[in-house]
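User: I'd like a close look at one part of this structure, please, with its surroundings described as you go. Here is the model.

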Amino acid sequence: MKIDILTLFPDFFTSPFSLSMIKRAIDNGIVDVNIHQIRDFGLGKRKQVDDSPYGGGAGLVMKPEVVTAAWESIKKTKETVTIYLTPRGEVFNQSTAMNFAENCQHIIIVCGHYEGIDQRFIEISGAKELSIGDYILTGGESATIPLIDSIIRLLPGVLGNDESSKNESFSLPLLEHDQYTMPRTFRGLKVPKVLLSGDHAKIESWRIRNSLSKTASNRPDLIARLSPEFWENLK
Ligand code: ADE
């Protein structure tokens, strides 16, 4: 997969891309990530990238000719998808991540700033507007990290164990069960006995019930969405 990121703050990405799983995926050639400075396409001696909004109001709007020139400098194919990260976008979730990981070879991410990007760029590029949640960040850069992290970790060969992305919160309709590792007792708290039993059927049943109670307390909305088949299979 190829990912091109258009940003006014390329340094933002230095640390996340040089650590851990994203770095491994880049080093192993599973994903090719390129950062592009939008200001390189800025206007005049001062490389202007923004201006006041028509109609008045606070803040600045990123200029259409600047962002469009930056976007047009990237080589595209028929499969290229452009994403504009903005709090007004459709909310990104695990199924969107899975959809990108399975079906998309090339993603261009445009990080907005200030009061956003001139609407004409969004129309010209056909960018899909995505939000990572109902809160306002200072810009699209900090939204880009969770977005691409959640996509990259789903690409074949990224996680050590191919099973580990299947059995986790949001892939199943339930949140993940509690996990324990050694020692068996820590500050008087014991690992649940069933997990030491070696009885895989009992362990599975404990995990599902534990997931159910975690989901009921943290995300009752997910419990309400469980299908009748789910409850039937649980019996
Ligand atoms: N830019 C600012 N806030 C954002 C959000 N919640 N999601 C995506 N991009 C953003």
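Which element gives the largest share of the lining of the largest pocket, and how many residues does it supply?

Analyst: Happy to take you through it. Please keep in mind that this is a predicted model.

The element you are after is E5, which contributes 5 residues to the lining of the largest pocket. That pocket holds about 370 Å³ of space. It is lined by 25 residues, and those closest to its centre are Tyr-84, Leu-85, Thr-86, Pro-87 and Gly-116. Strand E5 is not alone in this role: helix H5 (119–125), E7 and H6 also supply at least two residues each.

Two of those partners, E5 and E7, are also joined by a salt bridge. Glu-129 pairs with Arg-88, and their closest N and O atoms are 2.5 Å apart. Glu-129 belongs to strand E7 (residues 128–131) and Arg-88 to strand E5, so the pair links distant parts of the chain, 41 residues apart. Glu-129 is partly exposed, because its relative accessibility is 22% and the buried class ends at 20%. Arg-88, at 54%, is exposed. As background, side chains of opposite charge can pair when their charged atoms come close.

Strand E5 has a part in the nonpolar interior too. The largest nonpolar core has 30 residues, and Ile-3, Ile-5, Leu-147, Ile-151 and Ile-152 have the most contacts inside it. Two or more residues of this core come from each of strand E1 (2–7), helix H2 (20–27), strand E5 (81–91), helix H4 (94–103), strand E6 (106–111) and helix H6 (140–152). H6 is the biggest contributor, with 6 residues. A separate, second core of 17 residues includes Leu-6, Tyr-84, Ile-117 and Ile-122. Tyr-84 thus appears both in this second core and among the residues closest to the centre of the pocket.

Helix H6 deserves a closer look, as it helps to line the pocket and gives the most to the largest core. Of its 13 residues, 10 are buried, so the helix is largely enclosed by the rest of the structure. The buried ones are Gly-140, Glu-141, Ala-143, Thr-144, Ile-145, Leu-147, Ile-148, Ser-150, Ile-151 and Ile-152. Its geometry fits expectation as well: at 1.5 Å a residue, H6 should span 18 Å, and its end C-alpha atoms are 18 Å apart. Ile-151 shows what this helix packs against. Leaving aside neighbours within four places in sequence, Ile-151 is in contact with Met-1, Phe-92, Ala-97, Phe-100, Ala-101 and Ile-107.

For context beyond the pocket, the structure holds 10 salt bridges. One of them joins Asp-51 to Lys-63, with the closest N and O atoms 3.7 Å apart. Asp-51 sits in strand E3 (residues 50–51), while Lys-63 is in the loop between strand E4 (61–62) and helix H3 (64–72), 12 residues apart. Asp-51 is partly exposed at 34% relative accessibility, whereas Lys-63 is buried at 13%. Both belong to a network of salt bridges that also takes in Glu-65.

Lys-63 also touches Val-49, a residue in the loop between strand E2 (32–37) and E3. Val-49 is buried, with a relative accessible area of 2%. Besides Lys-63, and leaving aside neighbours within four places in sequence, its contacts are Leu-8, Arg-39, Gly-42, Val-61, Met-62 and Val-66. The loop between E2 and E3 also contains Lys-47, which has a positive phi of about 50° although it is not a glycine. Lys-47 counts as partly exposed, at 35% relative accessibility.

A last stop lies on the far side of H6 in sequence, in the loop between H6 and strand E8 (185–186), where Pro-183 is found. The peptide bond from Met-182 to Pro-183 is cis, with omega near 10°. Met-182 is 54 Å from Val-49, C-alpha to C-alpha, and 133 residues away in sequence. Arg-187, in the loop between E8 and strand E9 (189–190), has a positive phi near 50° and is exposed, at 76% relative accessibility. In general, most residues other than glycine have a negative phi, and most peptide bonds are trans.

How values were computed
Residues numbered from 1 in each chain as written. Predicted model: local features only at pLDDT ≥ 70, side-chain atom pairs only at ≥ 80, totals over all residues. Heavy atoms only, no water. Core = buried A, V, L, I, M, F, W, Y, C linked by side-chain atoms within 4.5 Å. Buried < 20%, exposed > 50% of the residue type's maximum accessible area, 1.4 Å probe, protein only. Helix = DSSP H or I, 4+ residues; strand = E, 2+ residues; numbered from the N terminus. Contact = heavy atoms within 4.5 Å. Expected span 1.5 Å × (residues − 1). Salt bridge = Lys/Arg side-chain N within 4 Å of Asp/Glu carboxyl O. 1 Å grid on protein atoms, 1.4 Å probe; cavity = no way out; pocket = protein on both sides within 12 Å on 5 of 7 lines; lining within 4 Å. Points joined across faces, edges and corners; volume = space filled by probe spheres on them.
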